[in-house]
Structures are given as C-alpha cells and as structure tokens.
Amino acid sequence: MRRLAALAISMLALSVSALADGASAAEDKTVNIYFWYDYVPADTIAEFEKQTGIKIVYDTFDSVDMLTTKALTGGSGYDIIMPGASLVGQYAKAGAIQKLDKARIPNAGDLNPDIMAFLARQDPGAAYAVPYAYGTTGIMYNPAKIAERMKDAPVDSLDMIFKPEIAAKFQDCGIAMVDSPEGVMSVALNYLGFDPFSIDEGDLHKAGALLASIKPYVRHFKSGSIMSELAAGDLCLALGWSGDAIGANARAAESKNGIEVRYAVPREGTEIFFDVMTIPVDAPHSENAHALMNFLLSPQASARFTNATLYPNAVQAATPMVDEVVRDNPNIYFSKATLKHLFAAQPRDQKSLRLVTRLWTSFMTGTN
Ligand code: N2P
C-alpha cells in the first residue's frame, strides 16, 4: 500500500514539476507529508483542509531509517518530513532540505526556549526545522500480566528487558521492541554505564552482546504494532515510546477490555527524542508546506495533538489547553528531576553508525 501511495505521490510530483516549469503555475491544492504513524489527529486534517482547501496526503513511516533513505535520495515528492532533531544537521549538509521561510510560520515565534536551545545544536536559529513533538524511550508494560509472572518485578528498570533471566519470564506473554537502532543502542550503552553516544568499538560490541543475550525473548520489532498489541493484551512488555504506551492504555480503556498499560521512564536513564518538521529541497508544494506547518504549530492544533497522541509539544501557548490529566502526568510532562536522567539523541559519525547498524541488524535477525 505504502509503495503504491509513494508511486502515486511521485507521479503527482512529476506532473507538478512539469507544471512548475510553465510560466505562472501556482501550486496545486495538495500537501504531501511523511510523518510518524498516528501522529496527526483526523480532526486536525479535516480542519486544515476545510480552512485552506489544501488536501493533506498523509503517508506514514515507523522507522526513521526509511525516512532518511528517502530524504537523502531526493525526489520523494514529500512536502514535509519528520526526522529526529539529531538528523537535521546531516540532511542540511547533504542539501536534502530547504531553509524555512519564517515569515510564513508566525506560530514558530512561541516555542519553548529550552527545547529550542537544544535544537539549535543541530540547526542554529531553527533555520531548517521546527519541533513537532517529543518524548522518551522507556518501559511499556501490562502490570497484571507482569505481576502474574513475577512478584515485585522491577518495572521501572531496564533490567526488565536487558536481564535475560528476567526477560525470560515474560517471553510467553510477549516482549517487543521498537526498530530504532541508534535510540535503543544509546539506551543499552547508557544502561551498561557507558557514554550513550560512545564511539568506542569495545563499548559498542558490549552493547551488541547485551542485545544478543535477550534476542530469544523478543517477539518482534514492529514499532507501529506495539501500541495496538499492548492495548489488546497481545504483548505484556515493550521497549518503546512514551506516548504510544500511554495511548495504548487509553485505547484499552475505550474498548473496555479490562486491560491496563503503564509506562515507566527507566530509572537508569534513557533518551529523550524530538521529532521535527522540515521541508525537502525539492518539495513540490513548499508554500502549502509552510501553511500546514504554521497550522500545526497553532496553540489549538498543538494542544489537540498532545491530547490525542499523549506526546507533548513545544508550543508554549498550547499548554493551558492541554487536558489537565495529560499536563499533570509526569510521564508526559516530566519533572526537572526526571529530565536529569534523560539524554538527547546526538548524531553519530559514519564509522560508528555503520557498526551500530551492523550490530542492530544481527540483533534483529538473530545472527552474529
Ligand atoms: C508515533 C510515535 C513515534 C515517536 N506514534 C518516535 N519518535
């Protein structure tokens, strides 16, 4: 399906660029976005389309490597893409993304300065990207199923997943992990007491060995399925993303199936990620892309996004509109104390990235 959609989009892009060669062709009323799955509420799409007459074509990915390949190859036909903040420098250097026209994004004037200070490391002055959402990678679990298999399980510790003798207890009820090589590797390195971004081959091999030791207990790496499987009780434990865990609990509550899903920020520390919006250099509808970015950064759309997905956003005026239960949830809007345990993703050099990719592939495929 995705491939078909991509084909349709690139055909569209072709016809649009043919048009753009002509004298005064305006952009057609479409904007093609490539975002994480479940990341734009349906009513937000409907409202933007109604207000502007621009149709949003929302294509999704569930592993950032899929995005990077498309972004760096070019010609994707997308108008807005959503890398992690640590990738923006690389995309910009490769000439894959364009500078934003800030005059068209007035809502970018009210962004959380702490988050902006962090993003500036990769993208000084937010020239190329604006933040959409952030969150942490941590322990998603079904407390009832865990308690049945282990009394006093250390649910806020990565021992749940990284200690083979503990993970083995939950193999039958299902453990999953997000397909996030750099993210999980940084969490594993940190768990072992190393710098999460260590480039030391010895450190990386030890993290690879840690992952290999728990491989028999990991059922799958389908990031996009974890939320619904936890909500349905088909998994009992996962290493995954905060909003997806809290969202799984909300879904289970809606379907009244008696299942509870909880999320813990690992006590050993973990990564905090920032998903940002940026425009490919060859985007066929750059003007529409700016209009949609501005819309998504409005306080109303940002608050609706956070209420629906349970991932916080960086728009300061949105916070008072976020539901109190969401705002007061320390796993969503974490305290300064939690923040101290978090490290933000950093770009890797090519050499250590290759090793991370190799170790991850052998982990996923179970080869050494
Ligand atoms: C998608 C959540 C993805 C966040 N629902 C990972 N950066």
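## Meeting the ligand

Let's start at the ligand: one of its nitrogen atoms is 3.1 Å from an N or O atom in the side chain of D244. The protein covers 97% of the 270 Å² of accessible area that the ligand has on its own. Keep in mind as you look around that this is a predicted model.

Which residues surround the ligand? They are W36, Y37, Y39, W241, D244, F273, D275 and Y311. With D275, a ligand nitrogen atom is 2.9 Å from an N or O atom in the side chain. With Y37, a polar backbone atom is the partner, and a nitrogen atom of the ligand is 3.0 Å from that atom.

## Two domains

Now step back to the whole protein, which is divided into two parts. Domain 1 takes in residues 2-128 and 274-333, while domain 2 takes in 136-269 and 342-365. So you can follow each domain through two separate stretches of numbering.

How far apart are the C-alpha centres of domain 1 and domain 2? They lie 27 Å apart.

## Where the domains meet

At the interface, 17 residues of domain 1 are in contact with 21 residues of domain 2. Together the two domains bury about 1,400 Å² between them, and carbon and sulfur atoms give 54% of that area. On the side of domain 1, Y37, Y311 and N331 lose the most area to domain 2, together making up 36% of what that side buries. You have met two of these names already: Y37 and Y311 are also among the residues around the ligand.

## Links across the interface

How many salt bridges does the rule find across the interface of domain 1 and domain 2? It finds one. D38 forms a salt bridge with R251, and their closest N and O atoms are 3.3 Å apart.

Polar contacts cross the interface too, with seven residue pairs found by the rule. Sorted by class, the side of domain 1 that touches domain 2 has seven nonpolar, seven polar and three charged residues.

Technical notes. Residues numbered from 1 in each chain as written. Predicted model: local features only at pLDDT ≥ 70, side-chain atom pairs only at ≥ 80, totals over all residues. Heavy atoms only, no water. Contact = heavy atoms within 4.5 Å. Buried area = accessible area lost by both parts, 1.4 Å probe. Salt bridge = Lys/Arg side-chain N within 4 Å of Asp/Glu carboxyl O. Polar contact = N/O pair within 3.5 Å; in protein donor to acceptor, adjacent residues only side chain to side chain. Nonpolar A, V, L, I, M, F, W, Y, C, P; charged D, E, K, R; others polar. Near = heavy atom within 4 Å. Areas by Shrake-Rupley, 256 points an atom, 1.4 Å probe, with all protein chains shown as cover.
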